[in-house]
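Here is a set of questions and answers on charged side-chain pairs in a predicted model. The sequence and structure come before the questions.

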Amino acid sequence: MIGRITRRMCVATIGAAALLANARAQRSATPTIGVLDSSAAISAKLAPFYEGLRIEGFVRNQNLTVQYHSAEGDYARLPGLATDLVGRQVSLISALGAPAALAAKRATTTIPIVIAMGPDPVGLGLVTSLGHPGANLTGATSMATGREQKRLQLLHEVIPTARGFGVLVNPQNSNADVQIREALTAAQVIGVQIKLIRASSSYDFGSAFAELAQAQTSGLVVADDDFFLSASTALGILAIRYRVPAIFEGAVFTAAGGLMSYGSKLTELYHQAGVWSGLILTGAAPAELSMYQSTGIDMIVNLKSAKSLGIDVPQRIIDRANTLIK
């Protein structure tokens, strides 16, 4: 009898140990996150995002698996990509860009979502409020609004004799109508004409710049858009090739030849999205994490491009710039 009891106790002990080991294995299992990107992968976006995750102890390909899905600027692909990530049962979806954020929100109400995007996630219906986002979504957003207006004003300060400017918008962008209205309002205040130019793929860029030249505009304002951001190098090169003074967002654009850059501190947004993602992976609830609100602005002036275009940048613009490219 004692032998039977001993054997039973041994079996029970082994079973309990197996359950404990299994529970530990589940807790230590490598989490998988899905990165849903509105545009193409660029190091200026992903590097700060992964660094934010590292701060919370998660290192890609070590203790974290990443499923990266990019729409490559074709926003119509985003719903399918978001659904695929949900089907893979990822632990979390990091949505980079407003179009990706909207697609992720429509795809799941249970998987945590962390977004990194421009202004007005409340207006787009992504969160209830910035302080209390609610449900399964939180992240980082820029508080800088009216950037198309500001870019137009800056370009006019640099070229005060200009009578007209082009404004490049992506018709697939859910905010395109607002961007156009803001640009037209700013143009009326300044007293210049606006030539609206639309592009939703890289194949449209050549004809867009040709149209700009035919309209004899004095410069180009590129509206905020995730696809345009991923195509910053191409846009900067075309601006130099067609000798168009152009202003957009981000260091990549000016480094490629764009005259000026004005916009959010993008690295800050992506970095904070990585931090928030790490916090959620360690147990924080999205609804309890307020939206991170960035008020920072980066302004870059490429004096080398200005010289090649025959433009004398006013000293007041130079003094306001965060970075000068000489």
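**Salt bridges**

Q: How many salt bridges does a search of the whole structure find?
A: The structure is a predicted model. Side chains of opposite charge can pair when their charged atoms come close. Searching the whole structure for salt bridges gives a total of 11.

Q: Which residue meets Glu-249 in a salt bridge, and in which helix does that partner lie?
A: The side chain of Glu-249 pairs with that of Arg-147, at 3.4 Å from N to O. Both Glu-249 and Arg-147 are buried. Glu-249 sits in the loop between strand S9 and helix H10 while Arg-147 belongs to another element, so the pair ties together parts 102 residues apart in sequence. The partner is Arg-147, and its helix is H5.

Q: Is Arg-151 buried or exposed, and what is its relative accessibility?
A: Buried means under 20% relative accessible area. Arg-151 falls under that cut-off, so it counts as buried, with a relative accessibility of 0%.

Q: How far apart are the closest N and O atoms of Arg-151 and Asp-224?
A: Arg-151 lies in helix H5 and Asp-224 in the loop between strand S8 and helix H8, so their salt bridge ties together parts 73 residues apart in sequence. Both residues are buried. Their closest N and O atoms are separated by 2.6 Å.

Q: Which residue of helix H5 lies 3 residues from Arg-151 and forms a salt bridge with it?
A: The two residues are about one turn of helix H5 apart. The closest N and O atoms of this pair are 3.6 Å apart. The partner of Arg-151 is Glu-148.

How values were computed:
Residues numbered from 1 in each chain as written. Predicted model: local features only at pLDDT ≥ 70, side-chain atom pairs only at ≥ 80, totals over all residues. Heavy atoms only, no water. Salt bridge = Lys/Arg side-chain N within 4 Å of Asp/Glu carboxyl O. Helix = DSSP H or I, 4+ residues; strand = E, 2+ residues; numbered from the N terminus. Buried < 20%, exposed > 50% of the residue type's maximum accessible area, 1.4 Å probe, protein only.
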